[in-house]
Amino acid sequence: MSQPPPGVDPNTPNVARMYDYYLGGKDNFAADRAAAEQMASLFPDVRAAALENRAFLARTVHCLAEAGIRQIVDIGSGLPTQGNVHEIAHRVAPDCKVVYVDYDPVVVAHGQALLSRGENVEVVMGDFRQPDDLLAKVGQEIDFDRPVAFLLFALLHFVHEADKPYEIVAQMRDLSAPGSYLALTHAAPAIPDVSEAALEIYKKATAALALREYEEILPFFDGYELLDPGLVAPRDWRPDADTYLPDTHASVGFGGVGRKL
Ligand SMILES: C[S@@+](CC[C@H](N)C(=O)[O-])C[C@H]1O[C@@H](n2cnc3c(N)ncnc32)[C@H](O)[C@@H]1O
């Protein structure tokens, strides 16, 4: 982006735009690129980790659509990129409704401009930390009496304990019909030096990191049965030829897909 839209601060690194840069996107400003490059200098695999996150997202959405899911809510959806959720879902099931939710006005504006062209796609502004408001908006598009999949990819590591992430995930579970799903990825403090430095970089960005260990990520799936192979490095979740990235060992967190019990 050359010019920031009105009301957008281009000088504070923005977590959605830094991630867009990792993925090779163009929707970012100099401050986003500088912070992302600082991360890449510490941890050269950060781009590969982002791509692996997206590859796992693609396998998840394909799997959910094949399992009969026809409603998907993607919270913290990020800037539109290659292989958006609705594109993957609609290859299997054109009638699958996809609702993208993000709290970032640039993400929402881009999403509404680029994604809402087709049928069965909505982009709404919502903050995960304000679940009543978010679920009321989403409820205008999604029938919670039918199975729904909540996607929380690379989101919960921006949600700190004070904002009660476990309670909010449980609230979404309790609202969901039997046969619903939760799928997520979450960064972990895998490499101590890198984690410390990453925390510092993200403290100066629009959202600070809340890294969690495996044992802290697993309870998000309370009330769900994890599909095989469980909560694993995203690259190890049902790898396939289409989405496998050879020669990287980039996972710095965990991902899983659970079916509501
Ligand atoms: C790293 S991106 C992940 C994008 C996408 N989910 C993926 O995994 O490819 C994180 C996204 O979460 C959004 N986000 C962070 N905190 C949020 C919150 N409290 N509510 C809604 N969105 C949030 C950011 O704006 C950003 O777009």
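This briefing describes a ligand site and several local features of the structure above. The model is predicted. The protein buries 98% of the 610 Å² that the ligand exposes when taken alone. Helix α1 (15-22), which contributes to the shell around the ligand, is itself largely enclosed, because 7 of its 8 residues are buried. Strand β7 (residues 253-260) is mostly covered as well.

**Ligand site**

- The ligand is surrounded by 18 residues, and those that come nearest are Y19, N53, R54, G76 and D102.
- By class, this shell comprises 8 nonpolar, 5 polar and 5 charged residues.
- A backbone N or O atom of F128 is placed 2.9 Å from a nitrogen atom of the ligand.
- For Y103, a polar backbone atom is found 3.4 Å from a nitrogen atom of the ligand.
- R129 takes part through its side chain, of which an N or O atom is 3.5 Å from a nitrogen atom of the ligand.
- Two elements, α1 (15-22) and α3 (46-66), each give two or more residues to the shell around the ligand.

**Helix α1 and its surroundings**

- The buried residues of α1 are V15, A16, R17, M18, D20, Y21 and Y22.
- With 7 of its 8 residues buried, α1 is largely enclosed by the rest of the structure.
- The packing partners of these buried residues are α2 (30-42), α3, α5 (105-114) and α8 (192-203).
- At the start of the helix, a side-chain oxygen of N14 comes within 2.9 Å of the backbone nitrogen of A16.
- Just after α1, G24 adopts a positive phi of about 90°.

**D9, ahead of α1**

- D9 is located in the segment that precedes α1.
- D9 counts as partly exposed because its relative accessibility is 40%, which falls between the limits of under 20% for buried and over 50% for exposed.
- The side chain of D9 reaches the backbone nitrogen of N11 at a distance of 2.7 Å.
- D9 and S41 are 32 residues apart along the chain, and their C-alpha atoms are separated by 25 Å.

**Helix α4 and H90**

- H90 belongs to helix α4 (residues 85-92).
- The relative accessible area of H90 is 19%; the residue is therefore classed as buried, the limit being under 20%.
- A polar atom of the H90 side chain lies 2.7 Å from the backbone oxygen of C96.
- Apart from neighbours within four places in sequence, H90 is in contact with C96, E119, N120 and V121.
- H90 shares its buried status in α4 with V85, H86, I88 and A89.
- The buried residues of α4 pack against α3 and against four strands, namely β1 (71-75), β2 (97-102), β3 (121-125) and β4 (149-153).

**Strand β7 and its partners**

- In β7 (residues 253-260), 6 of the 8 residues are buried.
- Strand β5 (residues 181-187) pairs with β7 in the antiparallel sense over 7 bridges.
- Strand β6 (residues 224-226) also pairs with β7 in the antiparallel sense, over 3 bridges.
- R259 of β7 is the bridge partner of Y181 and also the bridge partner of E225.

**Backbone features in loops**

- A cis peptide bond, with omega about 5°, joins D228 and P229.
- P229 is in the loop between β6 and β7, and R238 is placed in the loop between β6 and β7 as well.
- R238, a residue other than glycine, has a positive phi near 45°.
- R238 is partly exposed, because its relative accessibility is 37% and the partly exposed class runs between under 20% and over 50%.
- A154 is not a glycine, yet its phi is positive at about 50°.
- The position of A154 is in the loop between β4 and α7 (165-175).
- A154 is buried, with a relative accessible area of 18%.

Conventions:
Residues numbered from 1 in each chain as written. Predicted model: local features only at pLDDT ≥ 70, side-chain atom pairs only at ≥ 80, totals over all residues. Heavy atoms only, no water. Near = heavy atom within 4 Å. Polar contact = N/O pair within 3.5 Å; in protein donor to acceptor, adjacent residues only side chain to side chain. Areas by Shrake-Rupley, 256 points an atom, 1.4 Å probe, with all protein chains shown as cover. Nonpolar A, V, L, I, M, F, W, Y, C, P; charged D, E, K, R; others polar. Buried < 20%, exposed > 50% of the residue type's maximum accessible area, 1.4 Å probe, protein only. Contact = heavy atoms within 4.5 Å. Pairing = 2+ DSSP bridges.
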